[in-house]
Number of protein chains: 2
Amino acid sequence: MEWNKSGNLTLLTDYYQISMMYAHFKNNLLDKKVVFDVFIRKNPCDSGYSLFAGLEQVINYIRNIKFSEEDINYISSIYPYDREFLDFLRGFRFTGDIWSVPEGTVIFPNEPIMKIETNLIEAHLIETAILNIINHQTLIATKAARIVFSADGDPVIDFGLRRAQGPDAGIYGSRAAYIGGVTGTSNVLAGKLFSIPVVGTHAHAYIQSYSSELEAFLAYAEIFPNNAILLVDTYDTLNSGIPNAIKTFKIMKEKYGDQFKNYGIRIDSGDLAYLSKQARKMLDEAGFSDAKIIASNDLDEYIIRDLKLQGAKINSWGVGTKLISSSGCSALGGVYKLAAEIKDGESIPKIKISENPEKVTTPGVKKLIRFYDKINFRAIVDLVMLHDEKIPVKNFIAFDPINVWKKKLVKNFIAKELLIPIFKNGELVYSPPALEEIRKRAKKELSTISEEIKRINNPHVYHVDLSQKLWDLKHELINKERNKHY
Amino acid sequence: MEWNKSGNLTLLTDYYQISMMYAHFKNNLLDKKVVFDVFIRKNPCDSGYSLFAGLEQVINYIRNIKFSEEDINYISSIYPYDREFLDFLRGFRFTGDIWSVPEGTVIFPNEPIMKIETNLIEAHLIETAILNIINHQTLIATKAARIVFSADGDPVIDFGLRRAQGPDAGIYGSRAAYIGGVTGTSNVLAGKLFSIPVVGTHAHAYIQSYSSELEAFLAYAEIFPNNAILLVDTYDTLNSGIPNAIKTFKIMKEKYGDQFKNYGIRIDSGDLAYLSKQARKMLDEAGFSDAKIIASNDLDEYIIRDLKLQGAKINSWGVGTKLISSSGCSALGGVYKLAAEIKDGESIPKIKISENPEKVTTPGVKKLIRFYDKINFRAIVDLVMLHDEKIPVKNFIAFDPINVWKKKLVKNFIAKELLIPIFKNGELVYSPPALEEIRKRAKKELSTISEEIKRINNPHVYHVDLSQKLWDLKHELINKERNKHY
């Protein structure tokens with residue numbers, strides 16, 4: 001979208017939203033006010049947490065909503081809608097309120113991460129695009145954070161563009177990955193749009209374009225004497241690539257001395273643990289202990305962790321396919337569910353029952369509070385409360401909403417409300433921070449959750465509890481609905 | 001991109017392409033002509049085939065390549081490039097030749113599906129965007145074809161937009177899914193851009209906005225008496241949803257007679273096999289044997305196959321997340337590899353050796369021939385040949401390029417060359433067909449491969465062989481390179 005500032009995504013919606021808008025329009029439900037929650041049901045890739053991203057693009061989308069005449073013509077070609085409805089669409093804009101957690105916030109399943117309060121018709125239209133944007137960027141930010149966690153301080157670079165699910169997946173994927181902690185991207189357009197550092201040296205085809213590997217290396221190093229990362233696996237890593245890289249480094253060092261810097265090799269195939277250890281030895285023996293070793297080739301959080309366990313001598317990690325497409329968990333199932341109706345200023349909580357228990361929604365207009373340990377500022381528990389409940393100020397007992405016997409005494413805490421106002425009566429009341437700020441925030445946020453929650457496999461489950469009042473309301477409504485039929 | 005006709009994706013490239021372009025520019029390699037092949041190494045999701053898609057967007061991308069002043073400024077902010085190079089970029093456009101298989105073609109691993117012949121610098125720039133577009137759309141078209149195969153004649157509808165990896169993944173994913181055989185999409189913007197039929201009725205929130213389920217159903221059916229697909233799982237499918245749907249159908253039939261048509265129910269949770277069978281019985285007993293049953297909820301080719309095996313009474317399938325994000329195989333690993341250099345009209349074959357045998361490339365300027373059985377027009381074998389070899393006209397023996405003892409007598413065939421010219425000297429020489437034509441072509445193409453190849457699990461492996469001459473050339477080059485070091 002950024003690469004098309006005038007980009008109008010008004011029709012980026014599911015057709016049933018238009019049908020429902022029409023039904024509500026015809027039934028004179030134009031003024032009905034409702035509250036919808038956005039939440040996830042599960043962290044991606046069995047992660048212990050997720051990292052929220054995409055709000056800035058949601059804001060851009062909301063601000064640009066407008067049905068063009070072309071859009072209206074198209075809609076009227078699908079179904080013979082009344083002229084009144086089409087006129088209504090012509091004047092359509094978003095007039096409601098939106099709250100959200102800021103980008104870079106650590107989030108957990110079953111807590112509201114966005115809240116939309118507006119009339120029913122507007123609420124329908126915007127569901128799909130909000131979910132599309134938030135689901136994608138939160139997915140990739142989370143995947144990136146997991147990979148960066150595995151790399152344990154080493155730089156991770158996003159190399160994924162060519163394997164992304166289309167241009168936007170590459171562009172916004174790079175943005176999300178940067179929020180998640182990668183240090184740079186190969187994606188030039190994402191670099192331009194979001195000021196992400198771009199990196200990259202050369203490909204196998206570059207080496208093959210010269211009559212020998214050594215010639216190719218020398219030519220490259222001459223042109224970029226302060227960024228000569230040489231790709232060593234075009235012909236034979238140990239017998240050709242590394243020896244030729246060492247020859248190149250010698251010639252360059254002799255010629256340029258300390259001006260020749262920030263150099264090294266990249267290995268893109270073979271066993272990265274074995275090859276990197278051999279490479280390190282060869283480079284060190286030749287006196288190039290400051291030469292970097294960069295690895296790429298189908299890396300992800302699991303492989304990086306295993307390579308590090310085996311003592312791989314890799315300084316930085318180029319991660320492509322599995323980061324940008326979030327391999328193993330290709331979609332985040334964020335949903336947008338009706339929580340309440342507002343009538344004469346009063347809220348009427350709404351619930352959706354389901355044969356699948358995890359699909360039963362939590363009713364009511366809510367707020368989300370995170371409690372941190374006063375001493376070490378670690379997150380202890382999240383509490384979903386009704387919007388007019390008082391936030392606890394001293395010790396209280398939180399309990400698991402499913403296994404209610406699981407209780408936890410929460411004490412010595414600082415409480416923080418996570419949902420903040422973004423739009424008020426259709427006006428933006430929030431200044432989206434720069435991407436660099438969001439990335440810093442994410443880093444700080446990740447420091448507030450324990451290592452056990454960040455563990456790659458089988459992480460500790462963070463507590464997201466309901467207030468007693470909300471729990472009671474939910475179960476009252478479930479029983480009421482179910483009792484209708486028994 | 002389509003939703004932004006002026007969309008300039010020139011910077012949608014990896015930064016190393018710019019570095020390499022600069023290195024070649026500085027080394028006066030501007031006129032060096034090269035040939036690159038695009039191919040896949042593996043079908044996605046262990047499929048027996050892939051379905052090629054995305055060419056039209058590649059064409060749009062190539063035609064719009066142009067570095068804006070803003071782009072040039074950005075590039076010169078990354079590195080102090082020579083002014084000559086920046087001037088060169090200002091005048092840059094694609095001047096070469098591109099061949100491709102048409103969209104909707106069934107393709108297999110290790111055969112050239114696109115071929116680019118141009119100078120080295122242009123060839124580098126365009127690699128990333130070509131792969132991004134082709135990898136994405138081919139992935140989703142293939143996933144869709146697999147799902148449609150499992151649905152065995154039932155309509156499949158794309159419901160994935162909200163779970164797609166960003167706006168483009170939804171938009172071009174819908175396009176690719178339509179090529180793969182889905183009958184419609186919920187994505188309004190994709191419908192507008194590509195004339196894909198859009199479908200959809202209402203969501204749970206619609207039902208919840210009325211004081212009762214029955215009231216909501218009746219209101220909806222009154223407004224859309226010829227498209228009343230009622231969502232029955234908001235409260236209780238068997239005890240509330242279906243009985244209320246039946247009441248609605250009775251009232252509507254009485255009121256509208258045969259004008260009330262194209263009606264039915266949608267089930268979005270619970271056990272779809274059990275619920276659909278119960279629903280069918282209840283609907284039939286009430287006299288609504290023409291009421292349709294549509295199912296959705298995390299479907300894919302495996303679940304649809306299993307539900308059908310268990311006799312689920314489902315007439316059409318709404319497939320979302322797992323189609324649009326290609327769950328289980330979130331990226332297609334298509335690559336773009338140097339095959340030859342052209343010098344004074346002669347081609348010099350180029351190879352890339354790798355520690356990973358599957359990463360060794362096939363050198364030379366090539367063509368791709370598919371041999372069909374003359375009688376039933378089934379595809380027998382694909383043969384990758386050097387471009388100047390004669391295509392066999394009578395019986396010949398094909399052999400597997402890895403297990404060379406695996407031979408096959410090919411007889412009574414019709415041979416077809418699959419790569420066709422798209423650009424010639426930078427000019428488009430191809431008229432991209434309408435999407436509807438591409439979809440028809442895909443259907444026909446899929447009919448030329450056997451059921452065994454289309455099997456969802458463990459499919460038969462289709463033969464992609466090299467001509468003897470090409471095989472010899474490849475092994476000669478491998479030995480030559482490897483012998484340098486032993």
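This passage describes the fold of chain A, its pairing with chain B, and several individual residues in a predicted model.

Chain A contains 16 helices and 21 strands. Its C-alpha trace spans about 80 × 60 × 40 Å along the principal axes. Of its 486 residues, 64% count as buried. Contacts across the sequence are frequent in the following sense: among contacts with a separation of 6 or more in chain A, 74% join residues 24 or more positions apart.

The domain assignment divides chain A into two parts. Domain 1 is assembled from three segments, 26–58, 96–120 and 335–484. Domain 2 is given as 201–297. The centres of the two domains, taken over C-alpha atoms, are separated by 50 Å.

UniProt annotations offer another view of the chain. An unreviewed entry lists "domain: Nicotinate phosphoribosyltransferase N-terminal" at residues 11–135 of chain A. In the model, that span is 44% helix and 17% strand. Its end C-alpha atoms lie 18 Å apart. The feature "domain: Nicotinate/nicotinamide phosphoribosyltransferase" is placed by UniProt, again in an unreviewed entry, at residues 157–360 of chain A. Here the chain is 41% helix and 16% strand. The end C-alpha atoms of this span are 40 Å apart. For residues 366–474 of chain A, UniProt lists "domain: Nicotinate phosphoribosyltransferase C-terminal", also from an unreviewed entry. This span is 22% helix and 36% strand. Its end C-alpha atoms are separated by 12 Å.

Helix H5 of chain A covers residues 120–151. At 1.5 Å a residue, its 32 residues should span 46 Å. The end C-alpha atoms are 46 Å apart, so the expected and modelled spans agree. H5(A) nevertheless carries a kink of about 35 degrees, centred on Ile126(A). The helix is mostly covered, with 30 of its 32 residues buried.

Asp152(A) follows H5(A). This residue lies in the loop between H5 and strand S6 (156–158) of chain A. Its phi is near 55 degrees, a positive value in a residue other than glycine. Asp152(A) has a relative accessibility of 61% and therefore counts as exposed.

Pro401(A) also sits in a loop, between strand S16 (396–399) and strand S17 (407–410) of chain A. Its contacts reach to a distant part of the sequence. The C-alpha atoms of Pro401(A) and Leu466(A) are 6.1 Å apart, although 65 residues separate the two along the chain. Beyond neighbours within four places in sequence, Pro401(A) is in contact with Val464(A), Asp465(A), Leu466(A) and Trp471(A).

The two chains were then compared. A turn of 180 degrees, with a shift of 0.0 Å along the axis, lays chain A on chain B with an RMSD of 0.0 Å. The two copies are thus related as by a two-fold rotation axis. Of the interface residues of chain A, 100% are also interface residues in chain B, so the copies meet through the same surface.

Leu29(B) makes a contact between the chains. This residue lies in the loop between helix H1 (15–26) and strand S1 (33–39) of chain B. Leaving out residues up to four places away in sequence, Leu29(B) touches Tyr210(A) in the other chain, along with His24(B) and Leu120(B). Leu29(B) and Leu120(B) are 91 residues apart along the chain, yet their C-alpha atoms are separated by 7.5 Å. With a relative accessible area of 15%, under the 20% limit, Leu29(B) is buried.

Two further loop residues of chain B were examined. Asn297(B) lies between strand S10 (292–296) and helix H12 (301–309) of chain B. Its phi is positive, about 120 degrees, although the residue is not a glycine. Ser431(B) occupies the loop between strand S20 (427–428) and helix H14 (435–447) of chain B. Ser431(B) is exposed, with a relative accessible area of 64%. Its C-alpha atom is separated by 31 Å from that of Ser330(B), which is 101 residues away along the chain.

Conventions
Residues numbered from 1 in each chain as written. Chains lettered and ligands numbered in written order. Predicted model: local features only at pLDDT ≥ 70, side-chain atom pairs only at ≥ 80, totals over all residues. Heavy atoms only, no water. Helix = DSSP H or I, 4+ residues; strand = E, 2+ residues; numbered from the N terminus. Expected span 1.5 Å × (residues − 1). Bend = angle between axes of the 7 residues up to and from the residue. Buried < 20%, exposed > 50% of the residue type's maximum accessible area, 1.4 Å probe, protein only. Domains from an automatic or database assignment. Least-squares fit on C-alpha atoms with pLDDT ≥ 70 in both. Contact = heavy atoms within 4.5 Å. UniProt positions renumbered as here; feature names shortened; annotations may be inferred.
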